[in-house]
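Here is a walk through the model in front of you, from the domains to a couple of backbone oddities. Keep the viewer open as you read.

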Amino acid sequence: MAENALTTTGESAPAGLPGVVADWSGDKQAFPVPWGKAMMWIFLLSDTFIFTCFLTSYMNVRISTTVPWPNPSEVFSLNIGGTRIPLILIAIMTMVLITSSGTMAMAVNFGYRRHRANTTALMLITAAFGATFVGMQAFEWTKLIREGVRPWGNPLGAPQFGSTFFMITGFHGLHVSAGVVYLTVVALRVWRGFYDRKGSYETVEITGLYWHFVDLVWVFIFAFFYLW
Amino acid sequence: MDTVAGHQRAEGQQHPIAIYLWIWALLFVFSTFSYLIDYFHLHGYLRWSLIITFMLLKAGLIVAIFMHMAWERLALKFAILVPPLVLLILIGLMAVEGDYTFLTRLAAFLR
């Protein structure tokens, strides 16, 4: 085990808890992953704290308000063909984001297989789904603003509904928008063969980490804000 | 001994495409179930427990498979997944605080 702790190749690194000890005490780089990947994970960890603070403050104001909370099922329903379907726009947005997460996972896979064209195409498709999501969110915001929902009050019930809605979905939408730009930039670099010259497609996986995180946050927003 | 780690560092995370397609399909299924909770107007503890269950299933699949956490070294898993657990304390404290504010408001408004 002492030999393993001193290896720097990782080839014979032990698994499990002895592996944790070996990785931290081996007088070497603790995480045997590209530094960009470790940094992205740590950034996402900090983002987790930010989004949790938002969702926790939402929980706090929803518990503490004495005014009835607007029913999200009705607020976000749409009239399609004369029938009122509850929460349908949000359901479609969820599906769009999951689809984009799937295409992103495929892009990472093709990246490591060095399929330049497939990786580029899948990343651009992912970005297109992301842009679609932001577009639908803009539609949702427009609809709610027309109905009189404001960050300081709304005709549907508790005024905290507006402030938490705009803050949480706005911050998430900002992440999606930034992700669309990020994906497009990396996709164009893939297309120009930048990562072939660099000899590694790990940047595609790092971009994927960010994109999957955006989907991950939506899972929690969907559950706590829209469904609760 | 885990020789996969060294291999992954050279080649990156390579896994069969089938596993991504399966997880993708599962995410669609769980999302549909989540939506149906609302569609069928389930309420009370049944609704909340189902929402949390599907949420955790989806989050777990995304982190483990799509973000490749399942194949990372345990040291990285600990470094990323353990710190968010302290947030449970914040959530607990803020739930108690919210309840207290609610009762204080009721007392003030009823006076």
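Domain bounds, as used here, come from an automatic or database domain assignment. On that basis, chain A of this predicted model splits into domain 1, covering 1-32, and domain 2, covering 33-227. Measure from one C-alpha centre to the other and you get 37 Å between domain 1 of chain A and domain 2 of chain A.

**Where the chains meet**

Now for the two chains together. On the chain B side, 50 residues are in contact, and they touch 54 residues of chain A. Five helices of chain B, namely H1 (4-11), H2 (17-39), H3 (45-66), H4 (74-81) and H5 (87-110), each put at least two residues into the side that touches chain A. H5(B) gives the largest share of that side, with 13 residues. As for chemistry, this side of chain B has 32 nonpolar residues, along with nine polar and nine charged ones.

**A helix pair in chain A**

Next, look at helix H3 (residues 35-64) and helix H7 (residues 160-191) of chain A. Their axes come within 10 Å and cross at roughly 170°. How do H3(A) and H7(A) run, roughly parallel or roughly antiparallel to each other? Angles over 145 degrees count as roughly antiparallel, and H3(A) and H7(A) are therefore roughly antiparallel.

On the H3(A) side, the residues that meet H7(A) are A:Phe54, A:Leu55, A:Tyr58, A:Val61 and A:Arg62. Facing them from H7(A) are A:Gln160, A:Thr164, A:Met167, A:Ile168 and A:Phe171. The residues in this contact come out as seven nonpolar, two polar and one charged.

**Two positive phi angles**

Last stop: two residues, one in each chain, that have a positive phi although neither is a glycine.

| Residue | Phi | Loop | Other C-beta atoms within 10 Å |
|---|---|---|---|
| A:Asp27 | about 55° | between H2 (16-25) and H3 of chain A | 8 |
| B:His68 | about 65° | between H3 and H4 of chain B | 21 |

Which of the two words, buried or exposed, fits A:Asp27? With 8 other C-beta atoms within 10 Å, A:Asp27 is exposed, because a residue counts as exposed at 12 or fewer. B:His68, on the other hand, is buried, since it has 21 other C-beta atoms within 10 Å and the cut-off for buried is 20 or more.

Terms used:
Residues are numbered from 1 along each chain as its sequence is written. Chains are lettered from A and ligands numbered from 1 in the order in which they are written. This is a predicted model: local features need pLDDT of at least 70, side-chain atom pairs count only at pLDDT 80 or more; totals for chains, interfaces and linings use all residues. Two residues are in contact if their C-beta atoms, placed from the backbone, lie within 7 Å. Helices (H or I, at least four residues) and strands (E, at least two) are DSSP runs, numbered from the N terminus. Ala, Val, Leu, Ile, Met, Phe, Trp, Tyr, Cys and Pro count as nonpolar, Asp, Glu, Lys and Arg as charged, and the others, Gly among them, as polar. Axes are lines fitted to C-alpha atoms, for helices over the stretch in contact, and angles run from 0 to 180 degrees between N-to-C directions. Angles under 35 degrees count as roughly parallel, over 145 as roughly antiparallel, 65 to 115 as roughly perpendicular and the rest as oblique.
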